[in-house]
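Grab a coffee and work through these exercises with the model open beside you. Try each task before you read its solution.

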Amino acid sequence: MRRYGKHTDEDDIRTRPNRKGNRPRTNIRPKHEDAAGGLVLTVDRGRLTCLVEDRVVMAMKARELGRKAAVVGDRVALVGDLSGQKDTLARIVRIEERTSVLRRTADDDDPFERVVVANADQLAIVTALADPEPRPRLIDRCLVAAFDGGLEPLLVMTKSDLAPPDKLLELYGALDIPYVVTSRDELENGDAADRVREYLDGRVTAFVGHSGVGKTTLVNALVPKERRRTTGRVNAVTGRGRHTTTSALALPLAGEDGWVIDTPGVRSFGLAHIDPSRVIHAFPDLEPGTEGCPRACSHDEQDCALDAWVEEGYADPARLFSLRRLLATRERREGD
C-alpha cells in the first residue's frame, strides 16, 4: 500500500472518477452576502409571495434551510430573479431572527406547533357579541398565545346591535386590554374601520377569530384595494360561519404606516406548546409575588404565594382571578 508524505504532488494522487460528470458535493454553503431583504406576504403550497422593495416577488425556500419554514410576516433574504415578472422565481436563503411569534396547535394533545404569524406587534382578537355567540374560552386561549408569543392583545367586539358588550367587558376588564365595540352598520359603512385604525398605525397587527364574526369584512374596510371574500352566512345549527379565508395574508394598511395580517377563521386554538410558567410575564403586578412560590408552582394551588401577595394589597384580586382563568383554559375545551 502506497503512503503519501507531507509534500505530495496532486497529479500523483489517485481519485475515483465521477460517473455522473457533475461537481462533487460540498458542505461549504455560500453566505449570500448580496441577498436582498424581503417580507413574506403569503404562503401557498410551497410558493411564497414576498415584497422586495416595491416589487412583489414569487419565491421558494432554498434547500439549505432544511425543515425551517418561512411564514407570513417573516423578514427573509432572497437571491435569484427579483424582478417580479411573470414566471420568475427567487430563492429564500435566510430567515431573519423573529421579534415575536404567534403559535398554535391543532388541539391540546397535538405535540406539533404551527407558527401562524411572525414579527407581529399586536393580536386583534375579533369576536361577535351574537350570531355567532361569543366564546370566552377561545378568547382566553388567544390571549395566552399572544402573551406567550410577545404580542399585545386588542379585543374587537362586533355586532353590538344584536347584544350588549357588558358581560365581556366585565370578564376582561381586569386585564386592561384595549378594546373596540362595533355594530353591523359600522362594519358596512366604514366607521368601525376608522375606530380600529387608531390602534393599528405604525404596527403589524394579526387578526384572529372564528368564522362569521366579521373579521375579513373589517380587514376589507381597512385595506379596500385588496378585498377578500367574506363569510356569507352563519350555520343555524352550529352557530358557526364557513371558512372563506384559507391562508394568512399580510396587507399594507391603507393610508397609514402599518400592516394587517388576515388569518383563516379558527374553530380551535390548541395550547399544547405553551409553558404555563411564561404566562405570568404578562402580569407584571403579580410576577414579583411568585418569588415565594414553591418550585414548579402552577399558581393555582394551596401553597401559591400569590394569594398572600394579593391579600397584602400588592395587586387586585381580579387580576389573580384572570391569571388563573387563563392558565386553566389549557385544561378546558374552547366551547366550555
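Below are three exercises on cores and salt bridges, each with a worked solution.

Before you start: this is a predicted model, where local features need pLDDT of at least 70, side-chain atom pairs count only at pLDDT 80 or more, and totals for chains, interfaces and linings use all residues. Residues are numbered from 1 along each chain as its sequence is written, and side-chain values use heavy atoms, with hydrogens and water left out.

**Exercise 1. Find which residues touch the most other members of the largest nonpolar core.**

Step 1: get the terms straight. A nonpolar core is a set of buried Ala, Val, Leu, Ile, Met, Phe, Trp, Tyr and Cys residues joined through side-chain atoms within 4.5 Å. Buried means under 20% relative accessible area, exposed over 50%, and partly exposed in between (1.4 Å probe, protein chains only).

Step 2: pick out the hubs. The largest core has 54 residues, and Leu123, Leu143 and Leu323 touch the most other members. Helix 1 (residues 136-149) is the top contributor, giving eight residues. Helices here are DSSP runs (H or I, at least four residues), as are strands (E, at least two), numbered from the N terminus.

Step 3: zoom in on Leu143. Skipping residues up to four places away in sequence, Leu143 has contacts (heavy atoms within 4.5 Å) with Ile125, Pro153, Tyr172, Leu175, Ile177 and Leu326.

Step 4: look elsewhere. Another core, of 21 residues, lies apart from the largest one, and Val126, Ala128, Leu154 and Val196 are among its members.

**Exercise 2. Work out where Asp161 and Arg184 sit along the chain.**

Step 1: check the pairing. Asp161 and Arg184 form a salt bridge, with their closest N and O atoms 2.8 Å apart. The term needs a side-chain nitrogen of Lys or Arg within 4 Å of a carboxyl oxygen of Asp or Glu.

Step 2: place the partners. Asp161 is in the loop between strand 9 (152-158) and helix 2 (166-172), while Arg184 is in helix 3 (residues 184-189), 23 residues apart.

Step 3: check accessibility. Asp161 counts as partly exposed at 41%, and Arg184 counts as partly exposed at 37%.

**Exercise 3. Explain why the salt bridge of Asp307 and Arg324 ties together separate parts of the sequence.**

Step 1: find the bridge. The two side chains of Asp307 and Arg324 meet at 3.1 Å, N to O.

Step 2: locate both ends. Asp307 belongs to helix 7 (residues 306-311) and Arg324 to helix 8 (residues 317-328), so the bridge ties together parts 17 residues apart in sequence.

Step 3: compare surroundings. Asp307 is partly exposed at 27% relative accessibility, whereas Arg324, at 16%, is buried.
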